[in-house]
Amino acid sequence: MTKISVSTARQHETIGQQVALQGWIRTRRDSKAGFSFLEINDGSCMANLQVVADRELPNYDHEIKQLSAGCSVTIAGEIKASNGRGQSTELHATSLRVHGWSDPNSYPLQKKRHSFEKLRQWAHLRPRTNTFGAMARVRNCVCRAIHDFFQQEEFLYVHTPIITASDCEGAGELFEVTTLDLENPPRRDGKIDFSRDFFDRPSYLTVSGQLEAEIYATALGKVYSFGPTFRAENSNTSRHLAEFWMIEPEMAFFDLNDNMQLAEKFLKHVVRTVLSDAGEDMEFFNQRIDDSVLATLHAIANKDFVHLTYTEAVALLEKKNADFEFPITWGQDLQSEHERFLTEDEIGGPVIVSDFPASIKPFYMRVNDDEQTVRAMDVLVPNVGEIIGGSQREERLDVLESRMQQQGLEPDDYWWYVDLRRYGTVPHSGFGLGLERALQFITGMKNIRDVIPFPRTPGHADF
Ligand code: 4AD
Ligand code: MG
(Lines give C-alpha, C1' and ligand atoms only; values in the text may rest on other atoms or scores of the structure.)
(Ligands and ions follow the chains in the order given, each with its own letter.)
Protein backbone atom coordinates (compact mmCIF):
# COMPACT_ATOMS: atom_id res chain seq x y z
CA MET A 1 0.00 0.00 0.00
CA THR A 2 1.32 3.44 -0.94
CA LYS A 3 2.14 5.85 1.86
CA ILE A 4 0.90 9.34 1.09
CA SER A 5 0.88 12.61 2.98
CA VAL A 6 -2.19 14.39 4.30
CA SER A 7 -1.47 17.14 1.81
CA THR A 8 -1.67 14.66 -1.10
CA ALA A 9 -4.63 12.80 0.40
CA ARG A 10 -6.64 16.02 0.46
CA GLN A 11 -6.43 16.28 -3.33
CA HIS A 12 -9.49 15.17 -5.26
CA GLU A 13 -7.36 13.03 -7.59
CA THR A 14 -6.65 10.50 -4.84
CA ILE A 15 -10.30 9.42 -4.51
CA GLY A 16 -10.59 5.65 -4.91
CA GLN A 17 -6.98 4.93 -3.96
CA GLN A 18 -5.95 2.44 -1.27
CA VAL A 19 -3.35 4.26 0.83
CA ALA A 20 -1.62 4.45 4.21
CA LEU A 21 -1.28 7.65 6.21
CA GLN A 22 0.99 8.26 9.16
CA GLY A 23 0.78 11.08 11.63
CA TRP A 24 -0.66 12.32 14.90
CA ILE A 25 -4.24 12.46 16.11
CA ARG A 26 -5.59 15.96 16.66
CA THR A 27 -9.14 15.11 17.72
CA ARG A 28 -11.56 12.18 18.01
CA ARG A 29 -15.33 12.42 17.84
CA ASP A 30 -17.56 9.33 18.34
CA SER A 31 -20.87 9.15 16.54
CA LYS A 32 -23.88 7.41 17.97
CA ALA A 33 -24.19 5.52 14.70
CA GLY A 34 -21.24 3.35 15.70
CA PHE A 35 -18.13 4.88 14.20
CA SER A 36 -15.57 7.57 15.05
CA PHE A 37 -14.21 10.60 13.21
CA LEU A 38 -10.48 11.16 13.68
CA GLU A 39 -8.59 14.22 12.56
CA ILE A 40 -5.04 13.33 11.60
CA ASN A 41 -2.18 15.75 10.94
CA ASP A 42 1.27 14.89 9.62
CA GLY A 43 2.80 18.35 9.18
CA SER A 44 2.63 18.28 5.39
CA CYS A 45 0.02 21.03 5.45
CA MET A 46 -2.04 23.09 7.86
CA ALA A 47 -5.22 21.07 7.34
CA ASN A 48 -5.99 17.71 8.91
CA LEU A 49 -7.45 14.74 7.09
CA GLN A 50 -10.69 13.35 8.41
CA VAL A 51 -10.59 9.61 9.00
CA VAL A 52 -13.73 7.51 9.41
CA ALA A 53 -13.12 4.51 11.68
CA ASP A 54 -15.92 1.96 11.84
CA ARG A 55 -16.74 -0.07 14.95
CA GLU A 56 -16.19 -3.22 12.87
CA LEU A 57 -12.43 -2.57 13.09
CA PRO A 58 -10.93 -5.23 15.40
CA ASN A 59 -9.33 -2.70 17.79
CA TYR A 60 -12.26 -0.26 17.77
CA ASP A 61 -13.31 -0.53 21.40
CA HIS A 62 -10.03 -1.01 23.19
CA GLU A 63 -7.82 1.27 21.08
CA ILE A 64 -9.57 3.55 18.61
CA LYS A 65 -12.04 4.77 21.20
CA GLN A 66 -9.13 5.62 23.50
CA LEU A 67 -7.30 7.83 20.98
CA SER A 68 -6.59 11.41 22.03
CA ALA A 69 -4.56 14.40 20.86
CA GLY A 70 -0.92 13.55 20.20
CA CYS A 71 -1.24 9.77 19.67
CA SER A 72 0.80 8.56 16.70
CA VAL A 73 -0.85 6.23 14.19
CA THR A 74 -0.62 4.45 10.85
CA ILE A 75 -3.99 4.23 9.16
CA ALA A 76 -4.67 2.28 6.00
CA GLY A 77 -7.82 2.54 3.95
CA GLU A 78 -9.53 4.03 0.95
CA ILE A 79 -9.79 7.72 0.07
CA LYS A 80 -13.40 8.67 -0.60
CA ALA A 81 -15.20 11.86 -1.51
CA SER A 82 -16.29 13.75 1.58
CA ASN A 83 -19.29 15.96 2.07
CA GLY A 84 -17.80 17.46 5.22
CA ARG A 85 -17.18 21.22 5.19
CA GLY A 86 -13.76 22.41 4.03
CA GLN A 87 -12.64 19.05 2.75
CA SER A 88 -13.17 17.18 -0.49
CA THR A 89 -11.75 13.84 0.66
CA GLU A 90 -11.65 11.61 3.71
CA LEU A 91 -10.04 8.29 4.58
CA HIS A 92 -12.19 5.25 5.37
CA ALA A 93 -9.98 3.13 7.60
CA THR A 94 -9.53 -0.58 7.04
CA SER A 95 -6.85 -0.83 9.73
CA LEU A 96 -5.40 1.46 12.37
CA ARG A 97 -2.20 0.87 14.26
CA VAL A 98 -1.24 2.92 17.32
CA HIS A 99 2.50 3.59 17.65
CA GLY A 100 2.50 5.80 20.71
CA TRP A 101 -0.11 6.81 23.24
CA SER A 102 -0.32 10.31 24.66
CA ASP A 103 -1.87 10.58 28.10
CA PRO A 104 -4.64 13.21 27.83
CA ASN A 105 -4.27 14.03 31.52
CA SER A 106 -0.68 15.13 31.19
CA TYR A 107 -0.15 16.02 27.49
CA PRO A 108 0.46 19.79 27.55
CA LEU A 109 -1.16 20.44 24.18
CA GLN A 110 -4.41 18.77 25.15
CA LYS A 111 -5.78 22.20 25.98
CA LYS A 112 -6.45 24.09 22.76
CA ARG A 113 -4.77 27.47 23.24
CA HIS A 114 -1.58 28.44 25.00
CA SER A 115 0.19 31.79 25.01
CA PHE A 116 3.33 32.14 22.88
CA GLU A 117 5.28 32.77 26.12
CA LYS A 118 4.15 29.40 27.47
CA LEU A 119 4.90 27.64 24.18
CA ARG A 120 8.47 29.01 24.23
CA GLN A 121 9.05 26.87 27.31
CA TRP A 122 7.91 23.87 25.29
CA ALA A 123 10.15 24.30 22.26
CA HIS A 124 10.06 20.49 21.95
CA LEU A 125 6.27 20.46 21.53
CA ARG A 126 5.38 23.75 19.92
CA PRO A 127 6.01 22.57 16.32
CA ARG A 128 2.92 20.38 16.84
CA THR A 129 0.70 23.45 17.05
CA ASN A 130 -0.90 25.08 14.02
CA THR A 131 1.07 28.31 14.40
CA PHE A 132 4.49 26.69 14.65
CA GLY A 133 3.73 24.13 11.97
CA ALA A 134 2.74 26.97 9.64
CA MET A 135 5.86 28.88 10.65
CA ALA A 136 8.13 25.93 9.83
CA ARG A 137 6.54 25.57 6.39
CA VAL A 138 6.68 29.30 5.60
CA ARG A 139 10.30 29.46 6.78
CA ASN A 140 11.12 26.58 4.46
CA CYS A 141 9.29 28.29 1.58
CA VAL A 142 11.20 31.54 2.18
CA CYS A 143 14.57 29.74 2.24
CA ARG A 144 13.78 27.96 -1.00
CA ALA A 145 12.70 31.25 -2.60
CA ILE A 146 15.98 32.86 -1.49
CA HIS A 147 18.14 30.16 -3.04
CA ASP A 148 16.00 30.09 -6.22
CA PHE A 149 16.31 33.85 -6.62
CA PHE A 150 20.08 33.98 -6.37
CA GLN A 151 20.57 30.88 -8.49
CA GLN A 152 18.37 32.40 -11.23
CA GLU A 153 20.39 35.61 -11.00
CA GLU A 154 23.61 33.61 -11.52
CA PHE A 155 25.02 34.02 -8.01
CA LEU A 156 27.30 31.40 -6.47
CA TYR A 157 26.42 30.16 -3.00
CA VAL A 158 29.56 30.41 -0.84
CA HIS A 159 30.03 29.19 2.71
CA THR A 160 31.70 31.79 4.85
CA PRO A 161 33.28 30.70 8.13
CA ILE A 162 31.42 30.58 11.41
CA ILE A 163 34.59 30.95 13.47
CA THR A 164 36.58 34.07 12.64
CA ALA A 165 39.15 36.43 14.11
CA SER A 166 37.58 39.63 12.72
CA ASP A 167 34.75 41.85 13.93
CA CYS A 168 33.02 42.85 10.70
CA GLU A 169 30.55 45.30 12.20
CA GLY A 170 33.08 46.74 14.68
CA ALA A 171 30.43 46.82 17.37
CA GLY A 172 32.22 44.48 19.76
CA GLU A 173 29.19 42.20 20.15
CA LEU A 174 31.26 39.05 19.82
CA PHE A 175 30.98 35.63 21.39
CA GLU A 176 34.45 34.35 22.07
CA VAL A 177 35.44 30.82 21.02
CA THR A 178 38.11 29.27 23.23
CA THR A 179 39.41 25.99 24.57
CA LEU A 180 41.42 27.69 27.31
CA ASP A 181 40.69 26.62 30.86
CA LEU A 182 38.53 29.47 32.09
CA GLU A 183 39.32 28.62 35.74
CA ASN A 184 43.00 28.91 35.11
CA PRO A 185 43.92 30.47 31.75
CA PRO A 186 47.59 30.73 30.76
CA ARG A 187 48.91 34.23 31.39
CA ARG A 188 51.77 36.29 30.11
CA ASP A 189 52.64 39.75 31.43
CA GLY A 190 49.42 39.72 33.46
CA LYS A 191 47.20 39.13 30.42
CA ILE A 192 45.56 35.97 29.10
CA ASP A 193 47.96 34.34 26.64
CA PHE A 194 45.83 33.60 23.60
CA SER A 195 48.85 32.34 21.69
CA ARG A 196 48.19 29.14 23.66
CA ASP A 197 44.52 29.02 22.67
CA PHE A 198 43.22 26.63 19.99
CA PHE A 199 43.60 29.15 17.14
CA ASP A 200 46.70 30.84 18.62
CA ARG A 201 44.75 34.08 18.94
CA PRO A 202 41.38 35.36 20.15
CA SER A 203 38.61 33.97 17.93
CA TYR A 204 34.90 34.57 17.77
CA LEU A 205 31.60 33.42 16.32
CA THR A 206 30.98 35.50 13.20
CA VAL A 207 28.68 38.56 13.27
CA SER A 208 28.57 38.62 9.45
CA GLY A 209 30.03 36.69 6.51
CA GLN A 210 30.48 39.88 4.51
CA LEU A 211 34.25 40.31 4.64
CA GLU A 212 34.82 36.77 3.41
CA ALA A 213 32.00 37.10 0.84
CA GLU A 214 33.92 40.11 -0.56
CA ILE A 215 36.89 37.80 -1.16
CA TYR A 216 34.76 35.55 -3.36
CA ALA A 217 32.89 38.43 -5.07
CA THR A 218 36.16 40.03 -6.12
CA ALA A 219 37.15 36.74 -7.75
CA LEU A 220 33.87 35.30 -9.03
CA GLY A 221 31.58 38.28 -9.52
CA LYS A 222 28.28 37.58 -7.79
CA VAL A 223 28.08 35.44 -4.65
CA TYR A 224 25.88 35.02 -1.59
CA SER A 225 26.25 33.42 1.76
CA PHE A 226 23.38 32.17 3.90
CA GLY A 227 24.24 31.02 7.36
CA PRO A 228 23.99 31.46 11.10
CA THR A 229 25.23 34.71 12.61
CA PHE A 230 25.91 35.50 16.25
CA ARG A 231 25.66 38.72 18.23
CA ALA A 232 26.21 39.08 21.93
CA GLU A 233 24.09 42.20 22.16
CA ASN A 234 22.34 42.21 25.47
CA SER A 235 19.14 43.61 24.05
CA ASN A 236 16.01 41.83 25.14
CA THR A 237 13.79 43.17 22.37
CA SER A 238 11.21 41.50 20.16
CA ARG A 239 13.55 41.98 17.15
CA HIS A 240 16.92 40.74 18.41
CA LEU A 241 18.33 37.24 18.68
CA ALA A 242 21.81 36.18 19.77
CA GLU A 243 21.80 33.59 16.96
CA PHE A 244 20.03 34.41 13.72
CA TRP A 245 20.34 33.59 10.02
CA MET A 246 21.57 36.10 7.51
CA ILE A 247 21.56 36.11 3.71
CA GLU A 248 24.46 38.18 2.37
CA PRO A 249 24.81 38.78 -1.38
CA GLU A 250 28.02 40.50 -2.49
CA MET A 251 28.49 41.75 -6.06
CA ALA A 252 31.52 43.03 -7.96
CA PHE A 253 30.86 45.99 -10.27
CA PHE A 254 27.67 46.98 -8.39
CA ASP A 255 27.26 50.52 -7.11
CA LEU A 256 24.77 51.56 -4.42
CA ASN A 257 21.93 52.01 -6.95
CA ASP A 258 22.47 48.53 -8.37
CA ASN A 259 22.52 47.25 -4.80
CA MET A 260 19.22 48.92 -3.88
CA GLN A 261 17.58 47.63 -7.06
CA LEU A 262 18.71 44.10 -6.32
CA ALA A 263 17.42 44.28 -2.73
CA GLU A 264 14.00 45.40 -3.96
CA LYS A 265 13.79 42.74 -6.66
CA PHE A 266 14.92 40.11 -4.14
CA LEU A 267 12.34 41.01 -1.48
CA LYS A 268 9.58 41.10 -4.08
CA HIS A 269 10.56 37.66 -5.34
CA VAL A 270 10.43 36.23 -1.81
CA VAL A 271 7.07 37.86 -1.07
CA ARG A 272 5.51 36.71 -4.35
CA THR A 273 6.71 33.15 -3.81
CA VAL A 274 5.25 33.04 -0.31
CA LEU A 275 1.92 34.37 -1.60
CA SER A 276 1.77 31.80 -4.37
CA ASP A 277 3.25 28.75 -2.62
CA ALA A 278 2.29 29.14 1.04
CA GLY A 279 -1.27 30.39 0.57
CA GLU A 280 -2.96 28.17 3.14
CA ASP A 281 -0.43 28.94 5.88
CA MET A 282 -0.51 32.65 5.07
CA GLU A 283 -4.32 32.65 5.34
CA PHE A 284 -3.84 31.30 8.84
CA PHE A 285 -1.42 34.08 9.82
CA ASN A 286 -3.77 36.64 8.35
CA GLN A 287 -6.74 35.25 10.29
CA ARG A 288 -5.09 34.47 13.58
CA ILE A 289 -2.04 36.69 13.99
CA ASP A 290 -2.34 39.93 12.02
CA ASP A 291 -5.22 40.66 9.66
CA SER A 292 -3.21 43.20 7.65
CA VAL A 293 -0.44 40.82 6.66
CA LEU A 294 -1.80 39.64 3.30
CA ALA A 295 -2.76 43.15 2.18
CA THR A 296 0.71 44.44 3.13
CA LEU A 297 2.42 41.66 1.18
CA HIS A 298 0.26 42.14 -1.91
CA ALA A 299 1.02 45.88 -1.81
CA ILE A 300 4.78 45.25 -1.58
CA ALA A 301 4.79 42.80 -4.45
CA ASN A 302 3.42 45.45 -6.77
CA LYS A 303 4.66 48.84 -5.55
CA ASP A 304 8.00 50.58 -6.06
CA PHE A 305 9.94 51.09 -2.84
CA VAL A 306 10.31 54.70 -1.74
CA HIS A 307 13.86 56.09 -1.48
CA LEU A 308 15.01 58.68 1.06
CA THR A 309 18.47 59.81 2.00
CA TYR A 310 19.26 59.77 5.71
CA THR A 311 19.30 63.58 5.62
CA GLU A 312 15.81 63.68 4.09
CA ALA A 313 14.56 61.10 6.57
CA VAL A 314 15.88 63.10 9.54
CA ALA A 315 14.23 66.25 8.20
CA LEU A 316 10.88 64.40 8.16
CA LEU A 317 11.44 62.93 11.61
CA GLU A 318 12.51 66.19 13.25
CA LYS A 319 9.03 67.58 12.62
CA LYS A 320 7.68 64.80 14.85
CA ASN A 321 10.36 64.93 17.53
CA ALA A 322 7.82 65.89 20.20
CA ASP A 323 6.16 62.47 19.75
CA PHE A 324 9.30 60.36 20.03
CA GLU A 325 10.80 58.86 23.14
CA PHE A 326 14.21 59.55 21.56
CA PRO A 327 14.10 62.83 19.59
CA ILE A 328 16.48 62.68 16.63
CA THR A 329 19.04 65.11 15.26
CA TRP A 330 21.36 64.71 12.27
CA GLY A 331 24.23 62.40 13.16
CA GLN A 332 22.30 59.96 15.36
CA ASP A 333 21.26 56.47 14.34
CA LEU A 334 17.60 55.79 13.63
CA GLN A 335 15.80 54.06 16.49
CA SER A 336 13.07 51.54 15.95
CA GLU A 337 10.33 54.15 16.66
CA HIS A 338 11.77 56.36 13.89
CA GLU A 339 11.94 53.49 11.43
CA ARG A 340 8.36 52.56 12.16
CA PHE A 341 7.16 56.14 11.84
CA LEU A 342 8.75 56.40 8.40
CA THR A 343 7.36 53.12 7.04
CA GLU A 344 4.00 53.02 8.77
CA ASP A 345 2.89 56.67 9.07
CA GLU A 346 4.91 58.69 6.60
CA ILE A 347 5.26 56.35 3.60
CA GLY A 348 2.93 53.41 4.22
CA GLY A 349 5.26 50.80 2.77
CA PRO A 350 8.92 49.83 2.44
CA VAL A 351 11.49 52.62 2.45
CA ILE A 352 15.15 52.46 1.50
CA VAL A 353 17.17 54.98 3.50
CA SER A 354 20.65 55.69 2.12
CA ASP A 355 23.76 57.80 2.68
CA PHE A 356 24.07 57.72 6.46
CA PRO A 357 26.61 59.72 8.49
CA ALA A 358 30.03 58.09 8.29
CA SER A 359 30.42 58.36 12.07
CA ILE A 360 27.66 55.82 12.82
CA LYS A 361 28.60 53.22 10.17
CA PRO A 362 31.37 50.60 9.91
CA PHE A 363 34.75 51.12 8.26
CA TYR A 364 33.98 49.22 5.06
CA MET A 365 31.30 51.56 3.66
CA ARG A 366 32.29 53.78 0.74
CA VAL A 367 32.79 57.42 1.69
CA ASN A 368 30.80 59.97 -0.36
CA ASP A 369 32.40 63.06 -1.89
CA ASP A 370 30.99 65.18 0.96
CA GLU A 371 33.24 63.12 3.28
CA GLN A 372 30.46 63.25 5.90
CA THR A 373 28.28 60.42 4.66
CA VAL A 374 28.78 56.89 3.38
CA ARG A 375 27.05 54.86 0.69
CA ALA A 376 24.98 52.87 3.15
CA MET A 377 21.44 51.61 2.69
CA ASP A 378 18.87 50.22 5.10
CA VAL A 379 15.61 48.70 3.91
CA LEU A 380 12.82 49.46 6.39
CA VAL A 381 9.40 47.79 6.38
CA PRO A 382 6.17 48.33 8.33
CA ASN A 383 5.82 46.54 11.72
CA VAL A 384 9.47 45.50 11.88
CA GLY A 385 11.70 48.41 10.82
CA GLU A 386 15.12 47.48 9.42
CA ILE A 387 15.25 44.13 7.68
CA ILE A 388 18.22 44.77 5.36
CA GLY A 389 21.45 46.63 5.99
CA GLY A 390 24.04 47.05 3.27
CA SER A 391 26.32 49.40 1.38
CA GLN A 392 28.65 50.04 -1.48
CA ARG A 393 32.09 49.02 -0.20
CA GLU A 394 35.14 51.30 0.02
CA GLU A 395 37.32 50.11 -2.86
CA ARG A 396 40.05 52.81 -2.56
CA LEU A 397 43.05 51.53 -0.65
CA ASP A 398 44.08 54.83 0.96
CA VAL A 399 40.54 55.79 2.03
CA LEU A 400 39.91 52.32 3.46
CA GLU A 401 43.12 52.37 5.49
CA SER A 402 42.39 55.76 6.95
CA ARG A 403 38.79 54.76 7.81
CA MET A 404 40.12 51.69 9.62
CA GLN A 405 42.56 53.77 11.61
CA GLN A 406 39.83 56.29 12.49
CA GLN A 407 37.77 53.43 13.93
CA GLY A 408 40.70 52.02 15.90
CA LEU A 409 41.31 49.03 13.62
CA GLU A 410 44.79 48.00 12.57
CA PRO A 411 44.89 47.54 8.74
CA ASP A 412 47.62 44.89 9.24
CA ASP A 413 45.12 42.74 11.15
CA TYR A 414 42.91 42.84 8.06
CA TRP A 415 45.78 42.54 5.57
CA TRP A 416 43.85 40.07 3.43
CA TYR A 417 40.85 42.42 3.21
CA VAL A 418 43.10 45.35 2.33
CA ASP A 419 44.84 43.21 -0.33
CA LEU A 420 41.55 43.05 -2.27
CA ARG A 421 42.01 46.82 -2.84
CA ARG A 422 45.64 46.35 -3.74
CA TYR A 423 45.14 43.82 -6.53
CA GLY A 424 42.47 44.53 -9.13
CA THR A 425 40.14 46.50 -6.89
CA VAL A 426 36.59 47.05 -8.19
CA PRO A 427 33.55 49.01 -7.11
CA HIS A 428 31.39 46.48 -5.29
CA SER A 429 28.39 46.28 -3.01
CA GLY A 430 26.33 43.95 -0.92
CA PHE A 431 23.76 43.68 1.81
CA GLY A 432 22.51 41.43 4.58
CA LEU A 433 18.90 40.33 5.08
CA GLY A 434 18.00 39.05 8.54
CA LEU A 435 15.96 35.91 7.84
CA GLU A 436 14.00 36.16 11.08
CA ARG A 437 13.17 39.85 10.61
CA ALA A 438 11.92 38.95 7.12
CA LEU A 439 9.77 36.16 8.61
CA GLN A 440 8.34 38.51 11.22
CA PHE A 441 7.37 40.87 8.46
CA ILE A 442 5.85 38.13 6.30
CA THR A 443 3.86 36.36 9.02
CA GLY A 444 3.02 39.28 11.30
CA MET A 445 4.43 37.47 14.34
CA LYS A 446 5.21 40.07 17.00
CA ASN A 447 8.15 38.38 18.66
CA ILE A 448 11.27 37.23 16.82
CA ARG A 449 11.55 34.30 19.27
CA ASP A 450 8.53 32.77 17.55
CA VAL A 451 9.87 32.69 13.99
CA ILE A 452 12.98 30.57 14.66
CA PRO A 453 12.76 26.96 15.87
CA PHE A 454 15.12 27.38 18.82
CA PRO A 455 15.57 31.03 19.85
CA ARG A 456 18.77 32.09 21.60
CA THR A 457 18.42 35.25 23.68
CA PRO A 458 20.14 36.45 26.86
CA GLY A 459 19.65 33.73 29.47
CA HIS A 460 18.04 31.28 27.05
CA ALA A 461 19.89 28.50 25.27
CA ASP A 462 17.85 25.47 26.38
CA PHE A 463 17.15 22.52 24.09
O1 4AD B 1 22.75 45.80 9.45
P2 4AD B 1 23.62 44.62 9.79
O3 4AD B 1 24.36 44.66 11.05
O4 4AD B 1 24.59 44.46 8.53
C5 4AD B 1 25.62 43.60 8.41
O6 4AD B 1 25.93 42.75 9.20
C7 4AD B 1 26.33 43.71 7.09
N8 4AD B 1 27.68 43.14 7.25
C9 4AD B 1 25.53 43.00 6.03
C10 4AD B 1 26.16 43.09 4.66
O11 4AD B 1 26.25 44.16 4.13
N12 4AD B 1 26.58 41.96 4.11
O13 4AD B 1 22.74 43.30 9.79
C14 4AD B 1 22.00 42.94 8.64
C15 4AD B 1 20.60 42.50 9.02
C16 4AD B 1 19.77 43.55 9.73
O17 4AD B 1 19.17 44.45 8.82
C18 4AD B 1 18.75 42.71 10.45
O19 4AD B 1 17.72 42.31 9.57
C20 4AD B 1 19.54 41.48 10.82
O21 4AD B 1 20.66 41.43 9.96
N22 4AD B 1 20.00 41.53 12.22
C23 4AD B 1 19.45 40.83 13.22
N24 4AD B 1 18.41 39.96 13.24
C25 4AD B 1 18.10 39.39 14.42
N26 4AD B 1 18.77 39.60 15.58
C27 4AD B 1 19.83 40.46 15.61
N28 4AD B 1 20.48 40.65 16.75
C29 4AD B 1 20.20 41.12 14.39
N30 4AD B 1 21.17 41.99 14.05
C31 4AD B 1 21.04 42.22 12.73
MG1 MG C 1 22.04 47.54 10.31
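Let's begin with a small piece of this predicted model: an open sheet of 3 strands, set in the order 8-12-9 with antiparallel pairing. Strand 8 (163-164) and strand 9 (176-177) stand at the edges, and each has a single partner strand, so one side of each is left without a neighbour in the sheet. Follow strand 8 to its partner, strand 12 (residues 203-205): the two run antiparallel and are joined by 2 bridges. To find such a bridge on the structure, look for Thr164, whose bridge partner in strand 12 is Tyr204.

Now turn to another sheet. Here 8 strands form an open sheet, and reading across it you meet them in the order 7-13-14-19-18-17-16-15. The pairing in this sheet is mixed. Its edge strands are strand 7 (156-157) and strand 15 (306-309), each of which pairs on one side only.

How do strand 7 and strand 13 run where they are joined? Strand 7 and strand 13 (residues 222-230) run parallel, with 2 bridges between them. One residue to look for is Tyr157, which has Tyr224 of strand 13 as its bridge partner.

A helix accompanies this part of the sheet. Helix 3 (residues 130-152) lies across strand 7, strand 13 and strand 14 (243-252). Compared with strand 13, helix 3 runs at about 150 degrees.

Helix 3 also leads us to our next stop, since it is among the elements that cover the buried residues of helix 6. Which residues of helix 6 are buried? In helix 6 (residues 279-288), they are Asp281, Met282, Phe284, Phe285 and Asn286. Besides helix 3, their cover includes helix 5 (256-277), helix 7 (293-302) and helix 12 (435-443). A general point helps when you look at any α-helix: there are 3.6 residues a turn, so residues three or four places apart point the same way.

Finally, step back and take in the chain as a whole. Its secondary structure comes to 12 helices and 19 strands, and its C-alpha trace spans about 85 × 55 × 45 Å along the principal axes. Of the 463 residues, 52% count as buried. If you take the contacts between residues at least 6 apart in sequence, 67% of them join residues at least 24 apart.

What about the outside? The accessible surface of the chain comes to about 22200 Å², and carbon and sulfur atoms account for 48% of that. The chain also carries 49 positive and 68 negative charges, and the mean positions of these two groups are 8 Å apart.

Definitions and conventions:
Residues numbered from 1 in each chain as written. Chains lettered and ligands numbered in written order. Predicted model: local features only at pLDDT ≥ 70, side-chain atom pairs only at ≥ 80, totals over all residues. Heavy atoms only, no water. Pairing = 2+ DSSP bridges. Helix = DSSP H or I, 4+ residues; strand = E, 2+ residues; numbered from the N terminus. Contact = heavy atoms within 4.5 Å. Axes fitted to C-alpha atoms, helices over the stretch in contact; angles between N-to-C directions. Buried < 20%, exposed > 50% of the residue type's maximum accessible area, 1.4 Å probe, protein only. Areas by Shrake-Rupley, 256 points an atom, 1.4 Å probe, with all protein chains shown as cover. Lys, Arg positive; Asp, Glu negative; His and termini not counted. Charge placed at Lys NZ, Arg CZ, Asp CG, Glu CD.
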